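Here are my notes on the model you sent over, set out as numbered points. I hope they are handy as you page through the structure.

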Amino acid sequence: MLSLTAEYLKMGSNKSTSGPKIKCLKCGDIIQSMSVHDFKWCKCHTIAVDGGGEYTRTLGYPTDMEFVDDKQEEKK
Ligand SMILES: [Zn+2]
């Protein structure tokens, strides 16, 4: 049976609606919760993210996930 851990990260005054990008280290999928009610699983259902930018909740083992640095991706 898979046991899941939940982690809550207070985003403070960050009012953006989209949450951080999280990469699954098992399937390589990158998931992002775009709003408070947007719950996303990765392709292999190892990790999930919820809560958008208001609060970020991740499900799954911390060792199976990696936060993706948005600043590196948003270079235009
Ligand atoms: Zn996965």
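1. Let me begin with a small puzzle: which residue in S3 is the bridge partner of Lys-21? The partner is Gln-32. Please keep in mind that this is a predicted model. Strand S2 spans residues 21–24, and S2 and S3 run antiparallel, joined by 3 bridges.

2. Now the overall layout. The chain has 7 strands and 1 helix, and along the sequence they follow the pattern β-β-β-β-β-β-β-α. Of its 76 residues, 20% count as buried. If we take the contacts between residues at least 6 apart in sequence, 45% of them join residues at least 24 apart.

3. The sheet around S2 deserves a look. In it, 3 strands are arranged in the order S3-S2-S7, as an open sheet with antiparallel pairing. Strand S3 (30–32) and strand S7 (65–68) are at the edges and have a single partner strand each, so one side of each is left without a neighbour in the sheet. From one strand to the next, the twist averages 35°. As general background, strands of a sheet pair through backbone hydrogen bonds, parallel or antiparallel.

4. On the other side of the pairing, S2 is joined to S7 by 4 bridges, again in the antiparallel sense. Two positions help to fix the register: Ile-22 stands opposite Phe-67 in S7, and Cys-24 has Met-65 of S7 as its bridge partner.

5. S2 also has two distinct faces. Ile-22 and Cys-24 make up the covered face, while Lys-21 and Lys-23 are on the uncovered one. This fits the general rule that side chains in a regular strand alternate between the two faces of the sheet.

6. What sits between S2 and S3? Their hairpin has 5 residues between the strands. Within this hairpin, Gly-28 takes a positive phi near 80°.

7. The second hairpin to look at is that of S5 and S6. Strand S5 covers residues 48–50, strand S6 covers residues 55–59, and the two pair antiparallel over 3 bridges. Val-49 has Thr-58 of S6 as its bridge partner. There are 4 residues between these strands, and Gly-51 has a positive phi near 100° in this hairpin.

8. Which residues of S6 point to the buried face? Thr-56 and Thr-58 do, whereas Tyr-55, Arg-57 and Leu-59 point to the other face and are not buried.

9. On to the nonpolar core. The largest one has 8 residues: Ile-22, Cys-24, Ile-31, Cys-42, Ile-47, Ala-48, Val-49 and Met-65. S2 and S5 are the elements that give two or more residues to this core. In general terms, nonpolar side chains tend to be buried together in soluble globular proteins.

10. Ile-31 is a good place to start exploring that core. Leaving aside residues up to four places away in sequence, Ile-31 touches Ile-22, Lys-40, Cys-42 and Val-49.

11. Is Phe-39 buried or partly exposed? Phe-39 counts as partly exposed because it has 15 C-beta neighbours inside 10 Å, and 20 or more would be needed for a buried residue. Phe-39 is in the loop between S3 and strand S4 (40–41). Its contacts, not counting residues up to four places away in sequence, are Ser-33, Ala-48 and Asp-50. The C-alpha atoms of Phe-39 and Arg-57 are 9.3 Å from each other, with the two residues 18 apart along the chain.

12. If you check backbone torsions, please include His-45. Its phi is near 60°, a positive value in a residue other than glycine. His-45 lies in the loop between S4 and S5 and is partly exposed, with 14 other C-beta atoms within 10 Å.

13. Finally, the helix. H1 comprises residues 70–73, and Asp-70 is part of H1. With 11 other C-beta atoms within 10 Å, Asp-70 is exposed. Even so, not counting residues up to four places away in sequence, Asp-70 touches Pro-20 and Lys-21. Asp-70 and Lys-21 are 49 residues apart along the chain, and their C-alpha atoms are separated by 7.2 Å.

Definitions and conventions
Residues numbered from 1 in each chain as written. Predicted model: local features only at pLDDT ≥ 70, side-chain atom pairs only at ≥ 80, totals over all residues. Buried ≥ 20, exposed ≤ 12 C-beta atoms within 10 Å, placed from the backbone. Contact = placed C-beta atoms within 7 Å. Pairing = 2+ DSSP bridges. Axes fitted to C-alpha atoms, helices over the stretch in contact; angles between N-to-C directions. Core = buried A, V, L, I, M, F, W, Y, C linked by C-beta atoms within 7 Å.
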